[in-house]
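Biologist: Please go through this model with me, one question at a time. I would like the reasoning before each value.

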Amino acid sequence: MKILIDPGHGCNTPGKRSPDGRFLEYRFNRDIAAEVVKQLNYAGYDATILVTEEYDVSLRARVERVNTWCRQLGKRNVCLVSIHANAAGNGSQWMNARGWSCYTSRGQTAGDRLASCLYEAAELYLPGHKIRKDYSDGDPDFEADFTILSRTLCAAALTESLFYDNAEDLRFLESYTGRQAIIDLHVRGIIDYANEFYK
């Protein structure tokens, strides 16, 4: 299985930073994605960064990169995880929303199982933190028409790793323990999904 890790946004994306300007989402996403790929490769899995550029590659280009792999290998042999951190406001003030969540495209798709594996890992690696869920369709992930999920051909999920405009979530995200937990949950969730595929 080809595992594609997509670090969301870029250095030229407007906003996407904590109210005090310390936390830049694009940088966090790239740091986490790079370490996830490194650890997956070390464990023997075929993982690749989808976007190596620092600037924001368009969603259309990201989708085409994913679907090129799908056409080469077959869509069942590819999966995508797009890594993000969340915000409840416009970056001008601290907000109260907290927690980790995961999104898939609408309807029952292969991405639902990938998301469920990530949720199971989040429960293990984020004890004491809110895990945001939506069981309206029978599984914990939220559903949305995000282009990176709805236009890609393979199993795809998008994670939102806590809220960087919540002071308490941000302290955790900026800590070594917090970053390692976010890395570990992605690695564990993806490996669990991949192992089901190999069975």
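Biologist: Which residue just after helix 1 takes a positive phi?
Modeller: The model is a predicted one. Helix 1 covers residues 25-42. Just after helix 1, a positive phi of about 100° is found at G44.

Biologist: What distance does helix 1 reach from its first C-alpha to its last?
Modeller: Helix 1 has 18 residues, and at 1.5 Å a residue the expected value is 26 Å. The model comes close to that expectation, with a reach of 26 Å.

Biologist: Which residues of helix 1 are buried?
Modeller: Buried means under 20% relative accessible area. R27, at 30%, is partly exposed, and D31 is partly exposed at 32%. The buried residues of the helix are E25, Y26, F28, N29, R30, I32, A33, V36, V37 and L40.

Biologist: Which residue meets the side chain of R27 in a salt bridge within helix 1, and what is the N to O distance?
Modeller: Side chains of opposite charge can pair when their charged atoms come close. Four residues along helix 1 amount to about one helical turn, and that is the separation of R27 from its partner. The partner is D31, with an N to O distance of 3.3 Å.

Biologist: Where is R188 placed relative to D192, and how far apart are their closest N and O atoms?
Modeller: Both residues belong to helix 6 (residues 176-198), four residues apart, so about one helical turn separates them. R188 is partly exposed at 36% relative accessibility, and D192 is partly exposed at 24%. They form a salt bridge whose closest N and O atoms are apart by 3.2 Å.

Biologist: Which residues are joined into one network by salt bridges that share partners?
Modeller: R27 and D31 form a salt bridge with each other. Through shared partners, the network is made up of R27, D31, E54 and R179.

Biologist: What is the N to O distance in the salt bridge of E53 and R65?
Modeller: E53 is buried at 18% relative accessibility, whereas R65 is partly exposed at 28%. Their side chains meet in a salt bridge with an N to O distance of 2.8 Å.

Biologist: How many residues apart are E53 and R65?
Modeller: E53 sits in the loop between strand 2 (46-49) and helix 2 (59-73), while R65 is in helix 2. The pair links distant parts of the chain, and the two residues are apart by 12 residues.

Biologist: How many salt bridges does the model have?
Modeller: The pairs described above include R27 with D31 and E53 with R65. The count of salt bridges comes to 17.

Biologist: Is K2 buried or exposed, and which side chain makes a polar contact with its side chain?
Modeller: K2 lies in strand 1 (residues 2-7). Its relative accessible area is 6%, so K2 is buried. Leaving out residues up to four places away in sequence, K2 touches D46, T48, W69, L73, N77, V78 and C79. The polar contact, at 3.0 Å, is with the side chain of D46.

Biologist: How many disulfides are there, and why is C79 not bonded to C154?
Modeller: C79 is buried at 0% relative accessible area, and its closest cysteine sulfur, in C154, is too far for a bond at 6.9 Å. C154, buried at 8%, is in no disulfide, with the nearest cysteine sulfur, that of C70, 4.0 Å away. A disulfide needs two cysteine sulfur atoms within 2.5 Å. The count of disulfides is zero.

Terms used. Residues numbered from 1 in each chain as written. Predicted model: local features only at pLDDT ≥ 70, side-chain atom pairs only at ≥ 80, totals over all residues. Heavy atoms only, no water. Buried < 20%, exposed > 50% of the residue type's maximum accessible area, 1.4 Å probe, protein only. Polar contact = N/O pair within 3.5 Å; in protein donor to acceptor, adjacent residues only side chain to side chain. Contact = heavy atoms within 4.5 Å. Salt bridge = Lys/Arg side-chain N within 4 Å of Asp/Glu carboxyl O. Expected span 1.5 Å × (residues − 1).
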